[in-house]
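Here's a quick walk through this one for anyone at the bench who wants to get their bearings. Have a look at the sequence and the model first, then read on.

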Amino acid sequence: MKGLYLAAIDIIVDGLDSIAHYPVMWVFTVTAAILTAILIHTCGVAEGRIMGL
């Protein structure tokens, strides 16, 4: 159990370290993910309206 806890801490620290070293990459990644989700949602709504749902 202790090994699992330490592995989880390592993953969290590595993620925070990556964000600290490459903040612009993370901002672009999050922005791209949000815009992609909005686009998929918009296309799904439009397609539903065309089909009369």
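L16 sits in helix α1. Keep in mind that what you're looking at is a predicted model. Is L16 buried or exposed? With a relative accessibility of 54%, L16 is classed as exposed, because the cut-off for that label is over 50%.

L16 also has company out there. Together with Y5, L6, I9, I12, V13, I19, Y22, M25 and W26, L16 builds a nonpolar surface patch of about 980 Å². Two elements each give two or more residues to that patch, namely α1 (2-21) and α2 (23-51). Which helix puts in the largest share? That's α1, with seven residues.

Now for some other members of α1. V13 lies in this helix, and so does I19; both belong to the nonpolar patch as well. V13 has a relative accessible area of 46%, so V13 goes down as partly exposed. I19 comes in at 37%, which also makes I19 partly exposed. S18 is another α1 residue, and at 21% relative accessibility S18 is partly exposed too. That call rests on the cut-offs, because buried means under 20%.

What does S18 touch once you set aside its neighbours within four places in sequence? The answer is M25 and W26, and those two are also patch residues.

Over in α2, T29 is a handy residue to look at. T29 has 44% relative accessibility and therefore counts as partly exposed.

Here's how some residue pairs sit relative to each other, in sequence and in space.

| Pair | Apart in sequence | C-alpha to C-alpha |
|---|---|---|
| S18 and T36 | 18 residues | 23 Å |
| T29 and E47 | 18 residues | 27 Å |
| V13 and G44 | 31 residues | 37 Å |
| I19 and M51 | 32 residues | 43 Å |

Next up is α2 itself. How far does α2 reach from its first C-alpha to its last? The helix has 29 residues and covers 42 Å, close to the 42 Å you'd expect at 1.5 Å a residue. Right after α2 comes G52, and the phi of G52 is positive, near 80 degrees.

Time to zoom out to the whole protein chain. The count of secondary structure is short: two helices and zero strands. Why call the chain more spread out than a compact globule? Its radius of gyration is 19 Å, well over the 10 Å that the globule rule gives for 53 residues, so the chain is more spread out than such a globule. The C-alpha trace spans about 55 × 30 × 5 Å along its principal axes.

How much of the chain is buried? Buried residues account for 2% of the 53 residues. As for the surface, the protein chain exposes about 4800 Å², and 77% of that comes from carbon and sulfur atoms.

To pull the threads together: the chain has two helices and zero strands, and its nonpolar patch of about 980 Å² gets its largest share from α1. L16, one of the patch residues, is exposed at 54% relative accessibility, while V13 at 46% is partly exposed. On the α2 side, the helix runs 42 Å from first C-alpha to last, with G52 following on.

How values were computed. Residues are numbered from 1 along each chain as its sequence is written. This is a predicted model: local features need pLDDT of at least 70, side-chain atom pairs count only at pLDDT 80 or more; totals for chains, interfaces and linings use all residues. Side-chain values use heavy atoms; hydrogens and water are left out. Patches are made of residues with over 30% relative accessible area and no salt bridge: like charges are joined within 9 Å, nonpolar side chains (Val, Leu, Ile, Met, Phe, Trp, Tyr) within 5 Å. Accessible areas come from the Shrake-Rupley method with a 1.4 Å probe; for residues, only the protein chains shown count as cover. A salt bridge is a side-chain nitrogen of Lys or Arg within 4 Å of a carboxyl oxygen of Asp or Glu. Helices (H or I, at least four residues) and strands (E, at least two) are DSSP runs, numbered from the N terminus. Buried means under 20% relative accessible area, exposed over 50%, partly exposed in between (1.4 Å probe, protein chains only). The radius of gyration is taken over C-alpha atoms; the globule rule is 2.2 Å times the number of residues to the power 0.38. The expected span of a helix is 1.5 Å times one less than its number of residues. Contact means heavy atoms within 4.5 Å.
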